[in-house]
Amino acid sequence: MRAITQHTVGGPSVLELVEADCPEPAYGQVLIRTGAIGVNPVDGQVRSGESAMLGEPPFTVGWDIAGTVEAAGPGVSAFAPGDEVLGMLALPGAGNTYAEYVLASVNEIVHKPAGLTMEQAAGLPMAGLTAWQSLVGLARIQPGQRVLVHRAAGGVGHLAVQIAKARGAHVIGTASAAKHDLLRGLGVDQPIDYRTRDFAEAGRVDVVFDLLGGAYGERSARLVTPGGVLVSACPQDTGVTPELIARLGVRHALTIVSPSAPDLAQLSALVATGRLTVHVDQVLPLAEAAKAHEIVATGGVTGKLVLVP
């Protein structure tokens, strides 16, 4: 099979397309024939050495996958050859999804909902789990709450606003003006152009989902009503201190996304009922993984970028 690997950390050019042996499923695993691969910022962080999650190269990055079960290992009854599936694999271990065939544990994948294309399905797992585990697991959003989502048109953000709406929230989202029509189509009640307006104009909110960190963290925390919650998806640079959080009387939660078939099943249920979709901005061939990393690093992707073998 073809796969992307790297023998050193560095810029996107270290990614190499190579021939590799096709893996064999062990107990509780399935072999997936790749249909599409989601590209996420963490892929570039590991590739560059900014994150040492996988140790020293060689390794293959990638954690998001959508595809078709090719073979099922011993002990597998929930999936059979021919089933279309999606999942986020092995994080923080090696998911190895930048490849034509990928091994997955059955507790990391779910059946692909019919409402998503293979490319859309590949863009759902990590971003969707990040949004779900942040807003439902940590913030515990309730109907009628006011929720502010930063970078609302990005990979995680555009899913977060849909999840918040599905939970009955009033949703405020920051994005450039050119992306406001998309946000309204996803259900955002108040789009804010962060380039021309101060997001604080939105007034007090019950929940902030901060996908930016730094100065945005402190400014966002000051908008949260006492007893509300700031959820930070940038744990290395939240922009807030325990002293500030205590003084404001708000709760602060950090997002560390984890593989979860039950959570993916909840996201799939939203897809099935028409309350969640995945916006795919660009699709590139696997051989252009380096180009994909360059694009994602700009931070300008609307929704998701995916690779196809």
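Which residues have the most contacts inside the largest nonpolar core? Keep that in mind as you go through these close-ups, which come from a predicted model.

**View 1. The largest nonpolar core holds 85 residues.** Here's the answer to the opening puzzle: Trp 63, Tyr 98 and Leu 307 have the most contacts inside this core. Helix H3 gives the most to the core, with seven residues. Another core lies apart from it and has 16 residues, among them Leu 148, Val 208, Tyr 216 and Val 240. If you're wondering about the general idea, nonpolar side chains tend to be buried together in soluble globular proteins.

**View 2. Helix H3, residues 125-138, is mostly covered.** Twelve of the 14 residues in H3 are buried. The buried ones include Pro 125 and Met 126 at the start of the list, plus Trp 132, Leu 135 and Val 136. Polar names turn up as well: Thr 130, Gln 133 and Ser 134 of H3 are also buried. Just after H3, look for Arg 140, which takes a positive phi of about 55°.

**View 3. Strand E6, residues 101-105, has a covered face and an uncovered one.** Val 102 and Ala 104 sit on the covered face, while Tyr 101, Leu 103 and Ser 105 belong to the uncovered one. That back-and-forth fits a general pattern: in a regular strand, side chains alternate between the two faces of the sheet. E6 also has a partner, strand E3 (residues 29-39), and the two pair in the antiparallel sense over five bridges. To spot one of the pairings, find Val 30, whose bridge partner in E6 is Ala 104.

**View 4. The second largest pocket has a volume of about 240 Å³.** It's lined by 21 residues, and the closest to the pocket's centre are Pro 23, Gly 95, Asn 96, Val 102 and Leu 103. E6 shows up again here: five residues of the lining come from E6, the largest share. Strand E1 (2-5) joins in too, since E1 and E6 each supply at least two lining residues. Sorted by class, the lining has 13 nonpolar, six polar and two charged residues.

**View 5. Thr 302 is found in the loop between helix H9 (289-297) and strand E15 (304-308).** Is this loop residue buried or exposed? Thr 302 counts as buried, because its relative accessibility is 13% and the cut-off for buried is under 20%. Leaving out residues up to four places away in sequence, Thr 302 touches Ala 153, Lys 179, Leu 182, His 279 and Asp 281.

Definitions and conventions. Residues numbered from 1 in each chain as written. Predicted model: local features only at pLDDT ≥ 70, side-chain atom pairs only at ≥ 80, totals over all residues. Heavy atoms only, no water. Buried < 20%, exposed > 50% of the residue type's maximum accessible area, 1.4 Å probe, protein only. Helix = DSSP H or I, 4+ residues; strand = E, 2+ residues; numbered from the N terminus. Pairing = 2+ DSSP bridges. 1 Å grid on protein atoms, 1.4 Å probe; cavity = no way out; pocket = protein on both sides within 12 Å on 5 of 7 lines; lining within 4 Å. Points joined across faces, edges and corners; volume = space filled by probe spheres on them. Contact = heavy atoms within 4.5 Å. Core = buried A, V, L, I, M, F, W, Y, C linked by side-chain atoms within 4.5 Å.
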